[in-house]
Amino acid sequence: MLLSQPNTDEAVQALDPIEFYDLYHAVGPADAMVLVEYASPEQVQTCLDLDIWRGDQMSDDQLAPWVEQLLAVPDNKFEEFWKNLDPEIMALYLHRNIHLYMAEDKNDEVNIPEGESQNVAQTPDFTYWVAYPEDADKAELLRQLIDRLYAVLGIEKAWSTLEGMHFELETDLEETAYHFRTERIREFCFM
């Protein structure tokens, strides 16, 4: 019914974030993918707040399907979500799953430590060498995310995202993200 409305964006975004969350899960992630395309960042953030946390720890396994959803939306929507969702969430996801290496000079070879994944590729701006996980599906999802960052946000913003995640401590990222998540869900009277 929502998708048949003349202004689908307005109809979907008129839903309370909790109503959107319930509808998303009632329909199921595969069929609800089209809803995400029309959702507001607040609605998606609420879904992330309720789906990806296990206690006070963010679950990469629970976030991965949401990354797939974000990669499936058009470029303008991807940019809107990226700018309005908690930056710590994606930074933490990247921090846990990839390692960045940089040569002293762009013409030098980069030294990848022994024992590191050999699934390595350069970023589109040739600044970093990214060591992706050995798991092929996980590596492909992360590769698509980084490529999309560069393609949609541009070199400067993509670089600053990677730079930020590279130098932040995992514990600080998770603690900050959890704090913001807790404050938001309290507004919905959840404890």
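# Exercises on a predicted fold

Ile89 is buried, with a relative accessible area of 1% (buried means under 20% relative accessible area, exposed over 50% and partly exposed in between, with a 1.4 Å probe and protein chains only). The model is predicted, so local features need pLDDT of at least 70 and side-chain atom pairs pLDDT 80 or more, while totals for chains, interfaces and linings use all residues. Residues are numbered from 1 along each chain as its sequence is written, and side-chain values use heavy atoms, leaving out hydrogens and water.

## Exercise 1: The surroundings of Ile89

Find the helix that holds Ile89, and work out how many residues of helix α7 are buried.

**Solution.**
- Step 1. Ile89 lies in helix α7 (helices are DSSP runs of H or I with at least four residues, strands are runs of E with at least two, and both are numbered from the N terminus).
- Step 2. Helix α7 covers residues 87–97, and 8 of its 11 residues are buried, so this helix is largely enclosed by the rest of the structure.
- Step 3. The buried residues of α7 include Glu88, Met90, Tyr93 and Asn97.
- Step 4. Now look for partners of Ile89. Leaving aside neighbours within four places in sequence, Ile89 is in contact with Gln45, Ile52, Met58, Leu63 and Ala177 (contact means heavy atoms within 4.5 Å).
- Step 5. Finally, try a pair of C-alpha atoms: those of Ile89 and Glu174 are separated by 7.5 Å, although the two residues are 85 apart along the chain.

## Exercise 2: A glutamine in a helix

Decide whether Gln43 is buried or exposed, and list its contacts beyond four places in sequence.

**Solution.**
- Step 1. Locate the residue: Gln43 belongs to helix α4, residues 41–51.
- Step 2. Its relative accessible area is 1%, so Gln43 counts as buried.
- Step 3. With neighbours within four places in sequence set aside, Gln43 touches Val12, Gln13, Leu15, Pro17 and Phe20.
- Step 4. The C-alpha atoms of Gln43 and Tyr21 are 7.3 Å apart, with their positions 22 residues apart along the chain.

## Exercise 3: Aromatic pairs

Classify the pair of Tyr24 and Trp66, then the pair of Trp53 and Tyr178.

**Solution.**
- Step 1. The structure has 4 aromatic pairs (rings of Phe, Tyr and Trp, the last by its six-membered ring, pair if their centres lie within 6.5 Å; planes under 30 degrees apart are stacked, over 60 edge-to-face, and the rest tilted).
- Step 2. Tyr24 and Trp66 are stacked, at 4.6 Å centre to centre with 25° between the planes.
- Step 3. Tyr24 is in helix α2 (residues 17–27) and Trp66 in helix α5 (residues 60–72), 42 residues apart. Tyr24 and Trp66 are both buried.
- Step 4. Trp53 and Tyr178 form a tilted pair, at 5.5 Å centre to centre and 55° between the planes.
- Step 5. Trp53 sits in strand β1 (residues 53–54) and Tyr178 in helix α10 (residues 170–187), so this pair ties together parts 125 residues apart in sequence.
- Step 6. Trp53 is buried at 4% relative accessible area, whereas Tyr178 is partly exposed at 29%.
- Step 7. To finish, Phe20 joins Tyr24 and Trp66 in one aromatic cluster.

## Exercise 4: A sheet and its loop

Work out the strand order of the open sheet, then find where Phe126 is placed.

**Solution.**
- Step 1. The open sheet has 3 strands in the order β3-β5-β4, with antiparallel pairing (two strands pair if DSSP finds at least two bridges between them).
- Step 2. The edge strands, each pairing on one side only, are β3 (99–101) and β4 (120–122).
- Step 3. β4 and β5 (residues 129–131) are antiparallel over 3 bridges, and Val120 stands opposite Ala131 in β5.
- Step 4. Phe126 is in the loop between β4 and β5. Phe126 has a positive phi of about 60° although it is not a glycine.
- Step 5. For comparison, most residues other than glycine have a negative phi.
- Step 6. Phe126 counts as exposed, at 53% relative accessibility.
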